[in-house]
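Let's take a walk through this model, one sheet at a time, and then stop at a single side chain. Keep the viewer open as you read.

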Amino acid sequence: MKGNNIRYVCRECGHEENKWAGRCPECGSWNSFDETEVANKPTASPDSSKTVIDNSVRKLSDIPYDKTMRVSSGISELDRVLGGGVMRPSSVLVGGEPGIGKSTIMIQMLSALSEHSSVLYVSGEESPSQVKMRAERLGLDTTRIDVFCDTRLEALTETIESRRPGYIVVDSLQTLSSSSVASSSGSPNQMKTCCMELSLKAKKCGSAIFFVGHVTKEGVIAGPKIVEHMVDTVLYFESAESGMRMLRAAKSRFGSVDEIGLFEMTSEGLKCVQDASKLFLGNRSDGDLPSGIAFTPVIEGSRTFVVEVQALVVPAKSGYQRIYSDKIELSRVNRISAILERHAGLDLSGDDIYINVAGGMKIKEGSVDLAVALALYSSKTDIPLSSSLASFGELSLAGEVRPVTFSQRRLRTLTEMGFSKTIVSIGTEKVGGSQSENVKDVRSAVIAAFKGRKKSK
């Protein structure tokens, strides 16, 4: 009967049930079950058995390991996020919004890797001519890039087995389908099956495979969450307001997840950004710095750069306070405003607060607390800070300025960027010729920052 072939599959984790349920017992998601028709299982044969990497049992100490398994992708910022280069074998999932540059960076990477290894670009959304047009528009050598435009899993695994390319890009994972799964391409079962089979096949052949994935309106990669557990690395492409692209690692078995890659989209494709501070800082002199602006150094992995924190405090028109902040956590801004009111005598209860970071950079670390506090004080009192002043430190609920990690790296970067004065916590050691002023609490920081400063005209 047809009803016997109906299953309900959770789109978040791929869990199956015989009947619909409001809540998935596996992952706890609500209203996540989709009706799926399951095909009758074919008769098992040697060729249809699941791919295995290695079925032998050996001592871990006897497994050979070659340091040359990690190869540079030819894109320095991508290498930074991947932990130093592309590992072979491995599987990587790349997600991002439409048009952000996922296909562009993948074909740029393949063009660089094709100089010393065979590469394969699997296109499920574009024709071969469209892929060629993009590659030529980017000025890439198309003679060494193989293109395969078949979305059938069986045909793709056969091609990988016969050609054994060193590097593979599948654009995109949602377009693949297997004849053993009755649902359409893009369904949780299809994505789970195709990702698992191709990952195992690539590792068996010693290849590195990259899956391009779509994202939902919530900003997460579409499909079951189990797909992210199957791969070795998960990368997310984000777009900043300045037009810059940021590449982050949400998961990495071969490197740190704290690294960030910065790119600019140009007519020749994605270009690596070496000096990030130029994108996040405005060219302002001490005379024309407006109120509500403060500078602070932030750390992303091995990279340190200076960002501009912007604050605007205006009287509330609706009768109650509203706080707008999407680049810095809203709860953090609420906490800082309360600390200023209690320990610095700054009443913000009747004001609307707007917080922004120039360039669209999202900041999560606590070192930004002191800069946000000074920016709020500057906007409320209409007294601008000096353009040569920077600050960093975490604020406690008692109003204390607490030290943060990597303070030496932050001070060194500020000195190189030309900041002559820095406000930091007590106990932070000076670096070279830096002129840092150590403060105990937020009140002392306000006095040190605004001493001798006048209201803007």
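Two strands count as paired if DSSP finds at least two bridges between them. The strands themselves (E, at least two residues) and the helices (H or I, at least four) are DSSP runs, numbered from the N terminus. This is a predicted model, in which local features need pLDDT of at least 70 and side-chain atom pairs count only at pLDDT 80 or more, while totals for chains, interfaces and linings use all residues. Residues are numbered from 1 along each chain as its sequence is written, and side-chain values use heavy atoms, with hydrogens and water left out.

Start with the four-strand sheet. It is open, its order is 15-16-18-17, and the pairing is mixed. At its edges sit strand 15 (293-300) and strand 17 (323-325), each pairing on one side only. On average, neighbouring strands here are turned by 20 degrees against each other, direction ignored; axes are lines fitted to C-alpha atoms, for helices over the stretch in contact, and angles run from 0 to 180 degrees between N-to-C directions. Inside the sheet, seven bridges hold strand 16 (residues 303-315) and strand 18 (residues 351-357) in an antiparallel pairing. Look for Pro315: its bridge partner in strand 18 is Asp351.

Helix 8 (residues 330-343) packs on this sheet and touches strand 17 and strand 18, where contact means heavy atoms within 4.5 Å. The direction of helix 8 makes about 130 degrees with that of strand 17. Helix 10 (residues 407-416), for its part, lies across strand 15 and strand 16, at about 80 degrees to strand 16.

Next comes another open sheet, with three strands in the order 19-22-23 and parallel pairing. Strand 19 (389-391) and strand 23 (435-439) each have a single partner strand, so one side of each lacks a neighbour in the sheet. Strand 22 (residues 421-425) runs parallel to strand 23, joined by five bridges, and Thr422 stands opposite Ser436 of strand 23.

Finally, go to Arg245 in strand 12 (residues 244-252). What is the nearest side chain of opposite charge to this buried residue? It is Glu97, 8.4 Å away, and Arg245 has no salt bridge (a side-chain nitrogen of Lys or Arg within 4 Å of a carboxyl oxygen of Asp or Glu); buried means under 20% relative accessible area, with a 1.4 Å probe and protein chains only. The Arg245 side chain does reach the backbone oxygen of Ile100, at 3.0 Å. Its contacts include Gly99, Phe237, Phe263 and Leu270.

Notes. Buried < 20%, exposed > 50% of the residue type's maximum accessible area, 1.4 Å probe, protein only. Lys, Arg positive; Asp, Glu negative; His and termini not counted. Polar contact = N/O pair within 3.5 Å; in protein donor to acceptor, adjacent residues only side chain to side chain. Lists of a residue's contacts leave out its neighbours within four places in sequence.
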